[in-house]
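Welcome! Take a moment to look over the sequence and the 3D view, and then let us walk through them together.

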Amino acid sequence: MIELNPCPFCKSSETYVSPNRCNARIHSYSLNHYYDLIKGNITFTGNSEEEVKSFWNYEMDKNAYD
Ligand SMILES: [Zn+2]
């Protein structure tokens, strides 16, 4: 199980990964992150839970140290 990094911008942990189902079968996963301040969100979809979580962690790491 991959732990999600906190967002470096808003420090929020309001990040959720949920499966997208099609006729009871999971065909993809969506990650949603909600900002506290600007009332927006980041969302993207991948083939697996690990994929969306790794992508989130990679992106947050990149932004944290830029
Ligand atoms: Zn954030």
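Where is Asn 23 found? Asn 23 sits in the loop between β1 and β2. We will come back to that loop after a look at the whole protein.

**Before we start**

This is a predicted model, in which local features need pLDDT of at least 70 and side-chain atom pairs count only at pLDDT 80 or more, while totals for chains, interfaces and linings use all residues. Residues are numbered from 1 along each chain as its sequence is written.

**The overall picture**

The protein has 1 helix and 3 strands. Helices (H or I, at least four residues) and strands (E, at least two) are DSSP runs, numbered from the N terminus. Following the sequence, you meet them in the pattern β-β-β-α. The C-alpha trace spans about 40 × 25 × 15 Å along its principal axes.

How many of the 66 residues are buried, as a percentage? The share that counts as buried is 9%. Here a residue is buried if 20 or more other C-beta atoms lie within 10 Å of its own, exposed if 12 or fewer, and partly exposed in between, with C-beta atoms placed from the backbone. Among contacts between residues at least 6 apart in sequence, 35% join residues at least 24 apart. A contact means that the C-beta atoms of two residues, placed from the backbone, lie within 7 Å.

**The sheet**

The strands make an open sheet of 3 strands in the order β1-β2-β3, with antiparallel pairing. β1 (15-22) and β3 (41-46) are at the edges with a single partner strand each, so one side of each has no neighbour in the sheet. From one strand to the next, the twist averages 25 degrees. For such angles, axes are lines fitted to C-alpha atoms, for helices over the stretch in contact, and angles run from 0 to 180 degrees between N-to-C directions.

Two strands pair if DSSP finds at least two bridges between them. β1 and β2 (residues 25-34) run antiparallel and are joined by 8 bridges. β2 and β3 also run antiparallel, with 6 bridges joining them. The table lists some residues that stand opposite each other.

| Residue | Stands opposite | Strand of the opposite residue |
|---|---|---|
| Cys 22 | Arg 25 | β2 |
| Arg 21 | Ile 26 | β2 |
| Pro 19 | Tyr 29 | β2 |
| Tyr 29 | Gly 46 | β3 |

Tyr 29 appears in two of these rows: Tyr 29 is the bridge partner of Pro 19, and Tyr 29 stands opposite Gly 46 in β3.

Is β1 in the open or covered? Of its 8 residues, the number buried is 0, so β1 lies largely in the open. Arg 21 is part of this strand, and Arg 21 is exposed, with 10 other C-beta atoms within 10 Å. Between Arg 21 and Ser 48, which are 27 residues apart along the chain, the C-alpha atoms are separated by 12 Å.

**Back to the loop**

β1 and β2 form a hairpin with 2 residues between them. One of the residues in this loop is Asn 23, and Ala 24 has its place there too. Most residues other than glycine have a negative phi. Asn 23, although not a glycine, has a positive phi of about 50 degrees. Ala 24 is not a glycine either, and its phi is positive at about 70 degrees.

Are these loop residues buried or exposed? Asn 23 is exposed, with 5 other C-beta atoms within 10 Å. Ala 24 counts as exposed with 5 C-beta neighbours inside 10 Å.

**Ahead of the sheet**

Finally, look at Pro 8, which is placed in the segment before β1. Pro 8 counts as partly exposed, with 14 C-beta neighbours inside 10 Å. Which residues does Pro 8 touch, not counting residues up to four places away in sequence? Pro 8 touches Met 60, Asn 63 and Ala 64. Pro 8 and Gly 46 are 38 residues apart in sequence, and C-alpha to C-alpha they are 22 Å apart in space.
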